[in-house]
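Visitor: I am new to reading protein structures, and I would like a close look at one part of this one. Could you take me to the pocket and show me what surrounds it?

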Amino acid sequence: KWTWIETSGGFAGETTNPKTEKYEVQIEFTKNKLFSEWKDKQTINCQKYVIKSGKSIYSEQAQPIITYVPKPGNKISLMADSFEFKGKDTLILKNECHDCYTRVFVRKK
């Protein structure tokens, strides 16, 4: 489980965090390939995910990319994210599109 620290980017290049937005976000990636997201402890997303090495807009070399798979009957899915770790406790998710967002999370203890 991970706790949201900051989001930056987008067309306006803004930076937001739990203090500026007045809410908290937690995410979890389970071993059985289920991604869950909570906003102020209420579930806002739950989808399967797949991690594959692929072309990223952030690098000339193949990168690990998370692709989210919508539930049957739901055609809307999250945008793919490339990701990296800073140390053991920081996860950085980068939307795979131009003018999109980078989100930073810390491991929930």
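Guide: What follows is a walk from the largest pocket out through the strands around it, in a model that is predicted.

Let us begin with the space itself. The largest pocket holds about 340 Å³. Its lining is made up of 15 residues, and T7, E37, N95, Y101 and R103 are the ones that lie nearest the centre. Sorted by character, the lining has 7 nonpolar, 3 polar and 5 charged residues. Three strands each supply at least two residues of this lining: β1 (2–9), β2 (14–16) and β9 (101–107). Of the elements, β9 gives the most, with 3 residues.

Since β9 gives the most to the lining, it is a good strand to follow next. β9 is paired with β1 in the antiparallel sense, through 7 bridges. To find one of these pairings on your screen, look for T3, whose bridge partner in β9 is V106. β9 also runs antiparallel to β8, and 5 bridges join the two. Here you can look for L91, which has F105 in β9 as its bridge partner. β8 and β9 form a hairpin with 5 residues between the strands, and in this hairpin D99 takes a positive phi near 60 degrees.

Stay with β8 for a moment, and find T90, which lies in this strand. T90 and R107 are 17 residues apart along the chain, yet their C-alpha atoms are separated by 6.3 Å. Setting aside neighbours within four places in sequence, T90 is in contact with W2, E84, F85, V104, F105 and V106.

Now let us go back to β1 and move the other way. β1 pairs with β3 in the antiparallel sense over 2 bridges, and W2 stands opposite I27 in β3. Q26 is in strand β3 too. Is Q26 buried or exposed? Its relative accessible area is 10%, which is under the 20% cut-off, so Q26 counts as buried. Leaving out residues up to four places away in sequence, Q26 touches W2, T3, S36, E37, W38 and K108. One of these contacts, E37, is a residue you have already met among those nearest the centre of the pocket.

From β3 the path continues to β4. These two strands pair in the antiparallel sense over 5 bridges, and F29 has F35 in β4 as its bridge partner. The hairpin of β3 and β4 has 4 residues between the strands, and K33 in this hairpin takes a positive phi near 65 degrees.

β4 (residues 34–39) then pairs with β5 (residues 42–56), again in the antiparallel sense, over 6 bridges. W38 is a handy marker here, standing opposite T43 in β5. The two strands form a hairpin with 2 residues between them, and D40 sits in the turn with a positive phi of about 50 degrees. D40 has a relative accessible area of 44%; because this value falls between 20% and 50%, D40 is called partly exposed.

One more step takes us to β6 (residues 59–69), which runs antiparallel to β5 and is joined to that strand by 8 bridges. V50 has T67 in β6 as its bridge partner. β5 and β6 form a hairpin as well, with 2 residues between them.

What about the nonpolar residues along this route? In soluble globular proteins, nonpolar side chains tend to be buried together. The largest nonpolar core in this model has 12 residues: W2, W4, V25, I27, F35, Y49, I66, Y68, F83, L91, L93 and F105. The elements that give two or more residues to this core are β1, β3 (25–29), β6 and β8 (90–95). F83 is a good member to click on: not counting residues up to four places away in sequence, F83 touches I51, P64, I65, I66, L91, I92 and L93.

To bring the picture together, return to β1. This strand supplies at least two residues of the pocket lining, pairs with β9 and with β3, and gives two or more residues to the core. If you trace β1 on your screen, you can look for the pocket and the core from one starting point.

Terms used
Residues numbered from 1 in each chain as written. Predicted model: local features only at pLDDT ≥ 70, side-chain atom pairs only at ≥ 80, totals over all residues. Heavy atoms only, no water. 1 Å grid on protein atoms, 1.4 Å probe; cavity = no way out; pocket = protein on both sides within 12 Å on 5 of 7 lines; lining within 4 Å. Points joined across faces, edges and corners; volume = space filled by probe spheres on them. Nonpolar A, V, L, I, M, F, W, Y, C, P; charged D, E, K, R; others polar. Pairing = 2+ DSSP bridges. Core = buried A, V, L, I, M, F, W, Y, C linked by side-chain atoms within 4.5 Å. Buried < 20%, exposed > 50% of the residue type's maximum accessible area, 1.4 Å probe, protein only. Contact = heavy atoms within 4.5 Å.
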